[in-house]
Structures are given as structure tokens and as C-alpha cells.
Amino acid sequence: MAGLRKPVVEVRRSQRRRRTVSAYRDGERVVVLIPDQFSRAEESEWVDRMLARLAAREERLGRSDEELLLRSRRLIDRYLSEHGRAAIPASVRWVTNQNGRWGSCTPADRTIRISHRIQEMPDWVIDYVVLHELAHLVVPSHNARFWALVGRYPKTERARGYLEGVAAAAGIVLAD
Ligand SMILES: [Zn+2]
């Protein structure tokens, strides 16, 4: 019941901010960005407001680590079923410390990490990123066999185009 745990809040004041407040989750912490000129009372009021807003967004999206694991099982059943246990990860988690990649996989310990940057993207894009990392459990490198596995997902090309577009718009280069 992650929603019941009270998160550790880190407030960051910024002189560049005038009125805008934003918040994001970073692992167990929630970072709240507020204008430097806010009083303590305003800070406390906005922290409460942003925590409520963040919880509502996470609830609406339903994109927890638990959901990510269920999504993985569904993708394995549909696209990698003949690989059996070889395609099953030890863990699959959302992470915020991964700036150069949408997802990553460590075949040695069978762990998969998915970047929070894609958390609000459409379902079919998340499916592609997760399937890509699951396929690395079967084939670690980006060879023809790997792309044949990933290509079983009908929206692979569309999802790759979507992610390239997002990366180009943000001026960032991201590896697979
Ligand atoms: Zn890859």
C-alpha cells in the first residue's frame, strides 16, 4: 500500500520561479519546487496541495511497480511465451535516475528499470519500452534476432518514432 506511506518531502526554493510550483516523485522522496519568495505558511500550504495532486495523478494513471510487473507478464504471454522462464524478470521498476535511457536491463541479475519519463506516455508506448527490455533477457544485444522478437509487437515502429520525436523535441539523445 504505497499510497498510505507518507513520503519524505524535499522542498527546493528557486529564485527564478515567480509563481509556479511543481512536484515530482524521486524514488521514496517527493521534490517540491517553489518560488524563493514564498513564506513558510505558503510553503506548507503548497506542499500539502502538491502531495494531494501527485497522489491523484498516480492513482489516475495506475502506473505503479506492481502494474509494471502485471504489464510484463501480459507482454511475455503474448509475445515471448515460448521463451518461458528465460523472459521473466526478477524485478521491473520505475526509476528516476536514468537520464540517458527509456529503459534498461541487466541480464546478469534479470532486473529491468523503466524511466519515469515515459510514465505519462500512451499505454502502447510503455508496452514497447517494457517489451524491448524483456526481450533483452532473451537476447542481450541489438542483433537481428533481438529485433525479430521486438518486431512481434505490432506497434514497435510507431512507438520508436514516437520516442524519437519526444527526444528530438526535448533536445536529448537517448539510447534504446
Ligand atoms: Zn535495447
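In which sense do S5 and S6 pair, and over how many bridges? I began with this point in what is a predicted model, and I found that S5 and S6 run antiparallel to each other, with four bridges between them.

**Sheet.** I then looked up the sheet as a whole, and noted an open sheet of three strands in the order S4-S6-S5, with mixed pairing. Its edge strands are S4 and S5 (103-106), each of which pairs on one side only. For the turn between neighbouring strands of this sheet I noted an average of 15 degrees, direction ignored. At the level of single residues, I saw that Ser 104 stands opposite Arg 113 in S6. I also checked what packs on the sheet, and found that H2 does, touching S4 and S6, while the direction of H2 makes about 135 degrees with that of S4.

**Cores.** Next I turned to the largest nonpolar core, which has 33 residues, and recorded that Leu 80, Ile 114, Ile 118, Leu 134 and Leu 163 touch the most other members. The elements that each supply at least two residues of this core are the helices H2 (65-79), H3 (123-138), H4 (144-150) and H5 (156-170), together with the strands S4 (91-95) and S6 (111-115). H3 gives the largest share, eleven residues. I followed Leu 134 further and, leaving aside its neighbours within four places in sequence, listed its contacts as Ser 72, Leu 75, Ile 76, Leu 80, Ala 87, Pro 89 and Ile 112. Apart from this core I noted another, of eleven residues, which includes Val 30, Ile 34, Phe 38 and Leu 51.

**Aromatic rings.** With ring centres within 6.5 Å as the limit for a pair, I noted a count of four aromatic pairs. One pair I looked at in detail is Phe 146 with Trp 147, whose ring centres are 5.0 Å apart and whose planes stand at 80 degrees, so I entered the pair as edge-to-face, given that planes over 60 degrees apart count as such. Is Phe 146 buried or exposed? Phe 146 has 0% relative accessibility and therefore counts as buried, whereas Trp 147, at 28% relative accessibility, counts as partly exposed.

**Charges over rings.** Last, I looked for charged side chains over ring faces, and noted Arg 49 over the face of Trp 46, at 4.3 Å from the ring centre. I made a further entry for Arg 158, which lies over the face of Trp 124 at 4.2 Å from the ring centre.

Methods. Residues numbered from 1 in each chain as written. Predicted model: local features only at pLDDT ≥ 70, side-chain atom pairs only at ≥ 80, totals over all residues. Heavy atoms only, no water. Phe/Tyr/Trp six-rings, centres within 6.5 Å; stacked < 30°, edge-to-face > 60°. Buried < 20%, exposed > 50% of the residue type's maximum accessible area, 1.4 Å probe, protein only. Lys NZ or Arg CZ within 6 Å of the ring centre and 35° of its normal. Core = buried A, V, L, I, M, F, W, Y, C linked by side-chain atoms within 4.5 Å. Contact = heavy atoms within 4.5 Å. Pairing = 2+ DSSP bridges. Axes fitted to C-alpha atoms, helices over the stretch in contact; angles between N-to-C directions.
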